Amino acid sequence: AGFFGPDWSSTGTEIVGGLVLGLVWINLGLLLIQKTGLNSAVQAMVYALTRLPGDYATFTSSLLFALLITGFAFAATTAYEAAPSTPPRSWFQSVFVVTAVAGVSALVFWIVLANYRTRMLPSTGVGLGNLNRFLGEQAFLVHFFYGFTLLLVLFVGYCLAGSRRRHPDPSQQSTPLFVSLISLAVAVGTAFAVFHANIKWSSTEAMDHWAEIFQGKGEWPIAAAICEASIQATPAAEHQYFFLGKILTEQAVATPDAKERLALFAKAEQILETGSKLRPIDHAFLARRAFLYFKWAETESDSAAKTALANKSLEFYRKALVLDPGNNDLWYTIGYVAMAVLRSPDQAFAGLIRSIELYPNSHTTCGLLGDAFFYKGLAAQAADDRGNIIRAALTNYLEAARLSGASDAAASYRYTIALGKSNKEVGEPALSVAAYLRALSNAPAAERWAHEETLARLFDQMKDKTNATAHLQRAMDLAPAGKQADLLNLKTRILSNP
């Protein structure tokens, strides 16, 4: 006995092939939208659908395509085995039918999607009051794609499973029941497994994409609310805790009210701690918590509390290094926190030196190591120690300037100024003058007067009154009104020198 299904002829093969091609066109269209950078709800859906959970691999161009190509191969095999009583159509006619079926199926998808998109809430009008409606609209787009694809795949499975083949032998005109059931089970089971495993993830990925957009606009309450909704939908997705912790940290830094800022930092720490329990061997959560305490320390006005928070940050960075000891960024950040918050070159040296050992081509690390030597030298009591330590700073500044090259004008400017200051401290005014003269070409307009003043003082130290007065006059021409009195006093002193 046969099973349900359409008569299997060249038409059946063409319908299956057309549906498969239609799905391919739909997915290619989605990927094309993703490449255009279109900032829309459709892009949010595409962003979600082209990613696997916790990965950057494309979903539509790998797993779904493999499923559809397998179905197409099954259809071709079935058509080959069949012996239709009617002559098959010409190649051109078959291509026309396949293309027509594909075009109609893809067109239906895009018409429905475009019609829905025009009635959606624009992102510019989203607030906490209508956030649920906005998220519901985004979820519909993802569910519509999966639902439409599922219907087409199930129809392909129906055609393959129940095809009644025409054959000279009447006993061979129908597909055996067990073959039909197996074919249908494969199509339905594969589709269900794929869609069930990914539909929640895709919906939350779409929400995360919108959270990033609102975060970029500084609308942290909306971004945080979207992340919280995403966590409720998939509480086992640790990356969403990571992102929410990042958003709350940024919001805390930008919050002027001390009490509210404290609450946001505490909430961010709680969220990151929860996420780290889901992935305890991932150093990223430890590094993010370390960064949270660093930003917290920067906003703290009490010196004792600032020091305690900075030490807490260093503690988490060291824990992260246990999991990833070869991470030069972590070693660098230890040095940065020690310098930026604790003002402790001694605590910075180990991290910066290890970072350079792991990645010697970082001009940023060399520059910061130069800062550590420079400020340690300034604090040295003995003149010899002071000179030797600051010369070590000069070595690192020179290396940083070499590594930055002409491609990074801002970095090159900073290192040139550092060379000028360091040479001035070790009693090399000529080298200091050369550095400041080079720096003037890249100096911001607001800083030029200060460098001109420094050059005037250096030339005065070198007993060059002509250049000293010339640079001092340029400094007076550029300086703000509040600095004119000091500069005038300096001019008087320089002119009075023999």
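Helices here are DSSP runs of H or I with at least four residues, numbered from the N terminus, and with that convention in place I can start on this predicted model at helix α4, which spans residues 91-117 and is where Val104 sits. Val104 counts as exposed, because its relative accessibility is 51% and the cut-off for exposed is over 50%. Together with Val108 and Val112, Val104 makes up a nonpolar patch on the surface, and the accessible area of the three residues together comes to about 210 Å².

Let me turn from the surface to the pockets. The second largest pocket has a volume of about 330 Å³. Its lining is made up of 15 residues, and those closest to the centre of the pocket are Gly367, Asp371, Tyr397, Arg414 and Ala418. Which elements give two or more residues to that lining? They are three helices, namely α12, running from 328 to 340, α14, running from 363 to 379, and α16, running from 409 to 425. If we sort the lining of this second largest pocket by residue class, we find nine nonpolar residues, with three polar and three charged ones besides.

Now to the charged pairs. As background, side chains that carry opposite charges can pair when their charged atoms come close. In this model there are 14 salt bridges, and I will go through a few of them. In one of them the side chain of Arg279 meets that of Glu238, with an N to O distance of 2.9 Å. This pair links distant parts of the chain, since Glu238 belongs to helix α8, residues 238-253, whereas Arg279 lies in the loop between α9 (258-278) and α10 (283-299), and the two are 41 residues apart. Are these two partners buried or exposed, or something in between? Glu238 counts as buried, because its relative accessibility is 17% and the limit for buried is under 20%, whereas Arg279, with a relative accessible area of 40%, is partly exposed.

Arg279 also forms a salt bridge with Asp282, where the closest N and O atoms are 3.8 Å apart; the cut-off for a salt bridge is 4 Å, and I mention it so that you can place that distance for yourselves. Asp282 counts as partly exposed, at 21% relative accessibility.

A further salt bridge joins the side chains of Glu298 and Lys295, at 3.0 Å from N to O. Both of these residues lie in helix α10, where they are three residues apart, or about one turn of the helix. Glu298 is partly exposed, its relative accessible area being 36%. Returning to the earlier residues, Glu238, Arg279 and Asp282 are joined into one network by salt bridges that share partners.

My last topic is the backbone. Most residues other than glycine have a negative phi, and against that background I would draw your attention to two residues. Where is Arg343 placed? Arg343 is in the loop between α12 and α13, the latter covering 345-358, and its phi is near 50°, a positive value in a residue that is not glycine. Arg343 counts as exposed, at 60% relative accessibility. Lys463, in the loop between α18 (445-461) and α19 (465-478), likewise has a positive phi, near 65°, and is a residue other than glycine. Lys463 also counts as exposed, with a relative accessibility of 76%.

Terms used: Residues are numbered from 1 along each chain as its sequence is written. This is a predicted model: local features need pLDDT of at least 70, side-chain atom pairs count only at pLDDT 80 or more; totals for chains, interfaces and linings use all residues. Side-chain values use heavy atoms; hydrogens and water are left out. On a 1 Å grid over the protein atoms alone, a cavity is a set of points where a 1.4 Å probe fits but cannot get out, and a pocket is an open set with protein on both sides within 12 Å along at least five of seven lines; lining residues have an atom within 4 Å of a point. Grid points are joined across faces, edges and corners, and a volume is the space filled by probe spheres set on the points. Ala, Val, Leu, Ile, Met, Phe, Trp, Tyr, Cys and Pro count as nonpolar, Asp, Glu, Lys and Arg as charged, and the others, Gly among them, as polar. Patches are made of residues with over 30% relative accessible area and no salt bridge: like charges are joined within 9 Å, nonpolar side chains (Val, Leu, Ile, Met, Phe, Trp, Tyr) within 5 Å. Accessible areas come from the Shrake-Rupley method with a 1.4 Å probe; for residues, only the protein chains shown count as cover. Buried means under 20% relative accessible area, exposed over 50%, partly exposed in between (1.4 Å probe, protein chains only).
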